Amino acid sequence: GYEKKDFYSVPNLVDTKGIKFTQVEAGSGSTFLGISDKGVLYSWGMVYDSTIKYKEISPVECGQLKGYNEDGTPGGKYLGNVKKVAGSTNGFIALLNDSIVFISHSFNDVDTVYNEQGARIDNVVDICAGDSSFFALTADGILYSTGSWDGHGSNDYVKYTNELKPVLLEKTMEPLKNVVAIGSGLSSSFAVTKDGKAYGWG
């Protein structure tokens, strides 16, 4: 574990209990995420449920979704086959190796991501997360989002949903197309299109 200090001004070794990681991620809160070399997602730090408490490093449970064991084999109860994770204050979005995306609110339940028509969003190539917003970029260049400052008209607190909608252009309110790169911060987000133009909102 950690010494009880207010902050560290230089890097300190994290006690990962022997788990080797390929990616680590931290949102704007105090919950941290890591993908093991077996593709299993772990979290640790402060968690917000009915109370605020410190959580030791442990694998994220998959709920009703297909589960994996900590060694990466199918059949367990943890979220595995993870390629990339992006954290926010209020949860995370995870991209699997088969281009499917899952989203979690408050680092508890994990849900499959759907579009407005109720179909699962497939062929996702990148993800990112802001303070209370989540984004998924598909191979056809469409950027989907949910949460506050989501790029399709919301500018304040938005109730959590796993239904993602396309980010819209302000003048036409048509989906922003040909997106190739994305990024998100505390209350603003950006996208770069194939022609090199950058769009921002928030």
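**Close-up views of a predicted all-strand chain**

**View 1. Met-173 and the loop between strand 12 and strand 13.** Met-173 is partly exposed, its relative accessible area being 45%. This value lies between the limits of 20% for buried and 50% for exposed residues, which is why Met-173 is assigned to neither of those classes. The model shown here and in the following views is predicted. Met-173 belongs to the loop that lies between strand 12 and strand 13. Although Met-173 is not a glycine, its phi is positive, at about 55 degrees.

**View 2. Asn-178 in the loop between strand 12 and strand 13.** Asn-178 is a non-glycine residue with a positive phi, here about 60 degrees. The residue is found in the loop between strand 12 and strand 13. Asn-178 counts as partly exposed, with a relative accessibility of 45%.

**View 3. The hairpin of strand 13 and strand 14.** Strand 13 covers residues 179-184 and pairs with strand 14 in the antiparallel sense. The pairing of strand 13 with strand 14 comprises 5 bridges. A connection of 4 residues joins strand 13 to strand 14 as a hairpin. Opposite Ser-184 stands Ser-189 of strand 14.

**View 4. The hairpin of strand 14 and strand 15.** Strand 15 (residues 198-201) runs antiparallel to strand 14, and 4 bridges join the two. Within this pairing, Ser-189 has Trp-201 of strand 15 as its bridge partner. The hairpin places 4 residues between strand 14 and strand 15. Gly-196, located in the turn, has a positive phi of about 90 degrees.

**View 5. The two faces of strand 14.** In a regular strand, side chains alternate between the two faces of the sheet. Strand 14, residues 189-193, shows such an alternation. On one face are the side chains of Ser-189, Ala-191 and Thr-193, and these residues are buried. Phe-190 and Val-192 point to the other face and are not buried. Ser-189, on the buried face, stands opposite Ser-184 and is also the bridge partner of Trp-201 in strand 15.

**View 6. The open sheet of strands 9, 10, 11 and 12.** This open sheet has 4 strands in the order 9-10-11-12, with antiparallel pairing. At its edges are strand 9 (124-129) and strand 12 (165-166), each of which pairs on one side only. Strand 10, residues 133-138, and strand 11, residues 143-147, run antiparallel and are joined by 5 bridges. In this pairing, Phe-135 stands opposite Ser-145 in strand 11.

**View 7. Surroundings of Ser-58 in strand 4.** Ser-58 lies in strand 4, which covers residues 52-59. Leaving aside residues up to four places away in sequence, Ser-58 touches Leu-41, Tyr-42 and Ser-43. The C-alpha atoms of Ser-58 and Trp-44 are separated by 6.6 Å, while the two residues are 14 residues apart along the chain.

**View 8. The chain as context for the close-ups.** The chain contains 15 strands and 0 helices. Of its 202 residues, 41% are buried. Among contacts with a separation of 6 or more, 36% are between residues 24 or more positions apart. The accessible surface of the chain is about 11100 Å², and carbon and sulfur atoms account for 49% of this surface.

Key: Residues numbered from 1 in each chain as written. Predicted model: local features only at pLDDT ≥ 70, side-chain atom pairs only at ≥ 80, totals over all residues. Heavy atoms only, no water. Buried < 20%, exposed > 50% of the residue type's maximum accessible area, 1.4 Å probe, protein only. Pairing = 2+ DSSP bridges. Contact = heavy atoms within 4.5 Å. Areas by Shrake-Rupley, 256 points an atom, 1.4 Å probe, with all protein chains shown as cover.
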